[in-house]
Each structure stands twice: as structure tokens, then as C-alpha cells.
Amino acid sequence: MTATLTINPAFTIGPVRRRTFGAFVEHLGRCVYEGIYEPDHPRADEDGFRTDVIELTKELGATSIRYPGGNFVSGYRWEDGIGPKENRPTRLDLAWHSSDPNHVGIDEYMKWCEKTGVEPMMAVNLGTRGVQEALDLLEYCNVPSGTHFSDLRRANGREEPYRIKMWCLGNEMDGPWQIGHKTAEEYARLATETARAMRMIDPNIELVVCGSSSSEMPTFGSWEATVLKEAYEFVDLVSAHVYYWEKDGDLASFLASAVNMDHFIDSVAATADYVRAAGKHTKRINISFDEWNVWYMDRAESVPPTGDDWPVAPVLLEDHYNVADAVVVGNCLISLLRHTDRVASASLAQLVNVIAPIMTEKGGRAYKQTTFHPFALTAAHASGEVLRVGITAPTVTTEKFGEVSAIDAVATYDAETSKTNIFVVNRDPENAHELRVPVRDLAGGTDGTLPTLLSAVTLHHDDHTWQATADDDTSVAPQPNATARIEGDQIVVNLPAISWSHIALG
Ligand code: AHR
């Protein structure tokens, strides 16, 4: 069957925001230890960071990286992670029933960010701690000198302040699993007081207040309204988190997960706008979608250890992703880009080993999961303005969302290079579809030259459950789509069932 995409560079949604391509590093499982940091590894640098992971992070195109949690942050004492490593205490991490030797702390993390060329996004503990500890951390990071914590930073070897811009006011405080979980009213008060005081130290920071842990939370909507009513003037962004997985073999609904992401974003934006109108605020609160991914929560590795066993860096949340998972990740990026007018920042959760696009072997190789590819290609090619895309396509019946379009897509247009990039998924579990893109509206120059097809690549495998391993992480790397052609003033491409594609025109 045929699907048609209508795109016109005049119909823009907003600029591509680089922070859309953020990720997340949490002290969880093997994300930090054996992930970004493994001093004994043959590829470790002088600071103990794995250079193979740094290279893959750069190739992934991750822009801003949230740290140090996640659930971990709600019990974290940041001071444990500064100063000489031999003096740092090992602590219980209640969130993941693990031990943390604190060999990586704020100074190591910031060094890693600088080496990797990513922007840090720092979370403060509003679970077991409060305003004062958040202020101390901000003083340590952003005040130049002449105060207790800024001078401590300098004594620890970092002369210049880090001037970290993005700060999260706690993590998932709506979740009963969270240490220091709060009601919306309690959190609204604490977040507002923390935000107000943090801005007194550094008025240039951008603050993210916790929204909902998923759109399935019983408090979804009322949580955002209550928190924003109090915090509105003191924060810039409200967070959203979501994880998808194939439940009970319902592949069609899973492939259509981005329908939920679309609704989620629209609902949070509507609530923020309602509070704006009710409170007669002028500024607009946008969304930081700072945790999103596929996560098979029902898998054994997702269950933390128990009892007296408090391991350092246990195998936790090490999902091995297949081709269908990669299509869902690619589709979520389409959804995030489509909402570039409201989603100002996003973080794929997480970066390495823990529900991650990059995996490592202890002492061994680092490799790419299937989900790496749509992320890396979207981050590399999306540029300029996001365009409104008209989609006419066959539909798929899903249990969860009813009839949904089999094809979903977004396009960007860069006026500087005259390039159009289309990112498209076929989320039909059974059928291939032919995609037609009329390009007359993209004609350039005084003679109205039609754009040419620069490239078309597709990620697909006849077995959608195919997973990458350290021995083979290239079999599903996107391949040139041999069906892509120009017919008159249309680009035509066949999109196999369960596939993600990138088409470049220029
Ligand atoms: O990313 C894994 C966990 O998922 C995070 O720690 C938490 O914030 C969320 O529930």
C-alpha cells in the first residue's frame, strides 16, 4: 500500500534543538563503573575513563547528559564524591540495593563531560536532602572563588567554576518507590524554595521541576498542575519520563508507543498552559523529557539484589535491544522533534550498559545496540527547522491505541544547506508500504530546480527480534535502501514492515 508525505519548508514548527539528543548517566548497575569509568581497562585514559565509550558517545551524538540519577540521586550525598579517592566513603545506595565507592563524583563527571564534549545536566537530591545541600553543590560548581565550597573545588584541582546551566530539582518525586517520596503539595513547596534560593546564587541557571514518572501515574495531570501553580515563576521546564516495552506479545501496540509520547507531551503542555493562564504568567514553561526509552521492566536483570548483598556495579537493567526496539526508539525521536515547540530538552535513559545504546564488556569490548543507530543518525542529520508533515497512510489496528497510522515521520529543513532530512518509521508489524514524497514544494533557485535524492538508508531485519552482540553489532546498521528512486517530482521508497529510515534530499 502507498503512503504520502507532504512537506513544505514554509510550514515550520520550530528549530531543531540540540538538547533533544541528550542522554543520561546514573550511578546504577554498570553505567558509571565499567561503563564510562574502568581504570583497569586497556583503553582507559589517565583519569580512568574508557576511551572506547567516549568515542561511541561522540558517535552517538549525545549532547547533554543528565547525572547522577535517577532514583540514585534521592539518597546521594554529593560531598562523598570529592577530594582524594582513598578518603571517599563507600555508601549504601538504597535505590538499587548496591554499594557505591564514590570513585566517580562531581569533579570526575565534569572532566568526563569535557573530554566527551557534552553538556552536563545536574540533579540535586530532594529526597533525603533539601535546600541547603542543593545550594552547597551549586556553590561548589558555579561560584568562582572566595567561599567555602568554591575554594574546596579549587583545592580539589578545579580553578574555574563549571558554570553548569541545567539543574533538575530532584527526580520522580511523584513515585512511591522514590526515597523521600512526596505529595504534590510537599514537593511543590520544597522545589519552589530550592529553586528560589538556587537562583540567588546563580540567576543564569535553568531549572527543571519534576513532572510525572509516566502518563500512567494516578496523579498525572494534577501533579503538574499543583507543582506548577506554586513553582511556575521559579522554574523553566517541567520533566516527563516514560518507558515502553512489548507487553504480553502485543507487538502492534508496542510499535505504536510514540502515540503515547505524543499524547503525553500534548497533555503536559496543556497543563502548563492552563497554569500559565490561571496565574496570569507571561513566560511559557516547556518540557524536559529527561528519561525516555524502551525498558523491559519484567526481566530478571531489572530486579535489584536483596538482603545482605550490596554489590558494587551489579548487572542491572541490561536490556538487549532488538530491531523492533530500535524502531520504537526512532519513532520516539520523531515524536520529540515534532514537538520541538514544547520539548526543549530530552534525555535517552540511559547511555551505557543500563537500558542503553552502548554496551561494554568488563575489561573487553564496547559495542552498539540496535537502538544506537536511529539515535545517532537523527542526531547527526536533523538540522535547521522542524517541518509540519502531512501524512496519508494505511492504518494498523492496535489494542492500546485503536487505529494508528502505519507510517510516522518528521522532516527538517536547513536553509543554510538547502537540505531536507526525513526520518520515517513503518510501524506495521506485517506489511511493507511504498512511501511517496512529492518534492515540488522543495524546489530551489530561480529556475525551480527539484531537489535530488542524496541518500536513503533503512534499518530492518527479516527477524525483528534480532539483537546485536559484541561479536556482531553491524548486521542491522542502516543500509542503503536500494528501492529509493525519483519518479517525476516524487521520491519513492519502499519501507519494509518494522523499519526505520532516513532520507536526505538536497
Ligand atoms: O532509568 C532508570 C530509572 O527509571 C531511574 O533511576 C528512575 O528515575 C526511573 O524510574
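How many strands does the open sheet have, and in what order do they lie? Let's find out, keeping in mind that this is a predicted model.

## The open sheet

The open sheet is built from ten strands, and its pairing is mixed. Going across the sheet, the order reads 21-20-24-18-17-14-1-19-23-22. The edge strands are strand 21 (479-480) and strand 22 (485-487), each of which pairs on one side only.

Strands of a sheet pair through backbone hydrogen bonds, in either a parallel or an antiparallel way. For an example, look at strand 18 (residues 419-426) and strand 24 (residues 499-505): they pair in the antiparallel sense over seven bridges. Within this pair, you can find Thr 420 opposite Leu 505 of strand 24.

## Where the ligand sits

Now turn to the ligand, which sits in the largest pocket. The shell of residues around the ligand is made up of five nonpolar, four polar and three charged residues. Among the residues around the ligand are Phe 24, Trp 96, Asn 171, Glu 172, Trp 295 and Ile 355.

## Polar contacts with the ligand

Which residue offers a backbone N or O atom 2.9 Å from an oxygen atom of the ligand? That is Asn 71. Two side chains also reach ligand oxygen: a polar side-chain atom of Tyr 243 lies 2.7 Å from an oxygen atom of the ligand, and an N or O atom in the side chain of Glu 291 is 2.7 Å from a ligand oxygen atom. Taken alone, the ligand exposes 280 Å², and the protein buries 96% of that area.

Terms used: Residues are numbered from 1 along each chain as its sequence is written. This is a predicted model: local features need pLDDT of at least 70, side-chain atom pairs count only at pLDDT 80 or more; totals for chains, interfaces and linings use all residues. Side-chain values use heavy atoms; hydrogens and water are left out. A residue is near a molecule or strand if one of its heavy atoms lies within 4 Å of it. A polar contact is a pair of N or O atoms within 3.5 Å; within protein, one must be able to donate a hydrogen and the other to accept it, and residues adjacent in sequence count only if both atoms are side-chain atoms. Accessible areas come from the Shrake-Rupley method with a 1.4 Å probe; for residues, only the protein chains shown count as cover. On a 1 Å grid over the protein atoms alone, a cavity is a set of points where a 1.4 Å probe fits but cannot get out, and a pocket is an open set with protein on both sides within 12 Å along at least five of seven lines; lining residues have an atom within 4 Å of a point. A molecule sits in a cavity or pocket if more than half of its atoms lie within 2 Å of its grid points. Ala, Val, Leu, Ile, Met, Phe, Trp, Tyr, Cys and Pro count as nonpolar, Asp, Glu, Lys and Arg as charged, and the others, Gly among them, as polar. Two strands pair if DSSP finds at least two bridges between them. Helices (H or I, at least four residues) and strands (E, at least two) are DSSP runs, numbered from the N terminus.
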